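Visitor: I am new to this structure and would like a close look at a single part of it. Please take the time to say how each term is meant.

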Amino acid sequence: MDLSILVVNYNTRQLTVDCLRSVFASETDYTYEVIVIDNDSKDDSVQSIREEFPQISLIENRENTGFARANNQGMNVSQGRYVLLLNSDTIIQQDTLQTMIDFMDANPLTGASGCKIILPDGSLDKACKRGFPTPSASFYYAFGLSKLFPDKPKFNQYQLGYLDPDQEYPVDCLVGAFMMVRRETIDQVGGLDERFFMYGEDIDWCYRIKQAGWGIHYYPRTTIVHYKGGSARRRPFKIIYEFHRAMILFHRKHYRQRYNIFVNGAVYAGVGLKLLLSLVTNRLQPVRPATMAHHRVEWR
């Protein structure tokens, strides 16, 4: 088996069905398997997926285990030389699997790779190529300096806006919406950290992959669409909370020992302030049904 494709579903029946249809429309010489992990959906996702795609492996959880744990469940039963994390709200192209496996086969020192990801309006999903959120990178991003000086690498350490999105290059971090990882890399660094419920686990994984000496590469020779639905409507408190908790968790895990008490205190205070502002802003948005559909609103 060349590739194992993991798709986590949580009350996103139509999005997941559309995603799977795009996968099975792929034109590739490689063999692949599709594993869907359902996190106790309350819609008719499981029945619909089973009826239309009897060839997939379907894991049915009895609770919402989160993105990291669900993907780890899929990895544990997967057989591919490569594992692809694929969001349920994405549509891949017919050449995507072929292009990305070809790249990984040609670059044996690359542990993980990602393609160009665009939003429905044609703009770039900036999360698809990132630097790590160090305190300085986060500061420049949070206070708008990255927008004021878009061509300056110093002020664009996080979203790497100074790099051409149509060129390929090594990066620090990809996005969990589409990340192809080598089996040997997973065997060495382990799976996703399950302390991250639904945000930040991709950044943490990339950090550990690079620490282990593997390369991470952005390869825009194929493109997928990421729908990222619902970002302009009111979100449940848990989504906002988990988003900010992931920031604290990542910093404590990887950066706390590298900085003094003043820098760490400033980071925690900044995240707390951002959480407060997010809650206030969220209250002003229109109400939507309170479902934790896994639309990947990344660190943005």
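Guide: What follows is a walk through one part, with some further pairs for context.

The model is predicted, so local features are taken only where pLDDT is at least 70 and side-chain atom pairs only at pLDDT 80 or more, while totals for chains, interfaces and linings use all residues. Residues are numbered from 1 along each chain as its sequence is written, and side-chain values rest on heavy atoms, with hydrogens and water left out.

The part to look at is the loop between α7 (183-189) and α8 (201-211), together with helix α9 (residues 237-254); helices (H or I, at least four residues) and strands (E, at least two) are DSSP runs, numbered from the N terminus. A convenient start is the side chains of D193 and K253, which meet in a salt bridge at 2.7 Å from N to O, where a salt bridge is a side-chain nitrogen of Lys or Arg within 4 Å of a carboxyl oxygen of Asp or Glu. Because D193 lies in the loop between α7 and α8 and K253 in helix α9, this pair ties together parts that are 60 residues apart in sequence. With a relative accessible area of 10%, D193 is buried, whereas K253, at 32% relative accessibility, counts as partly exposed; buried means under 20% relative accessible area, exposed over 50%, and partly exposed in between, with a 1.4 Å probe and protein chains only. The contact does not stand alone, since salt bridges that share partners join D193, R195, D204, R208 and K253 into one network.

Aromatic rings can be followed in this part as well. The structure holds 15 aromatic pairs, where rings of Phe, Tyr and Trp (its six-membered ring) pair if their centres lie within 6.5 Å, and planes under 30 degrees apart count as stacked, over 60 as edge-to-face and the rest as tilted. One of the pairs is Y199 with F243, which is edge-to-face, at 5.3 Å centre to centre and 85 degrees between the planes. Y199 sits in the loop between α7 and α8 and F243 in helix α9, so that this pair links distant parts of the chain, 44 residues apart, and both residues are buried. Ring pairs also link F132, Y207, F250, Y255 and Y259 into a cluster. A charge meets a ring where K238 lies over the face of F197, at 4.7 Å from the ring centre; a charge sits over a ring if NZ of Lys or CZ of Arg is within 6 Å of the ring centre and within 35 degrees of the ring normal.

For context, the count of salt bridges comes to 19, and R21 offers another place to see them. R21 forms one with D18, the closest N and O atoms being 3.5 Å apart, and these two residues both lie in helix α1, three residues apart, about one turn of the helix. R21 also meets the side chain of E52 in a salt bridge, at 2.7 Å from N to O, and this pair links distant parts of the chain, with R21 in helix α1 and E52 in helix α2 (residues 45-52), 31 residues apart. R21 counts as partly exposed at 41% relative accessibility, as does E52 at 35%, and D18 is partly exposed with a relative accessible area of 28%.
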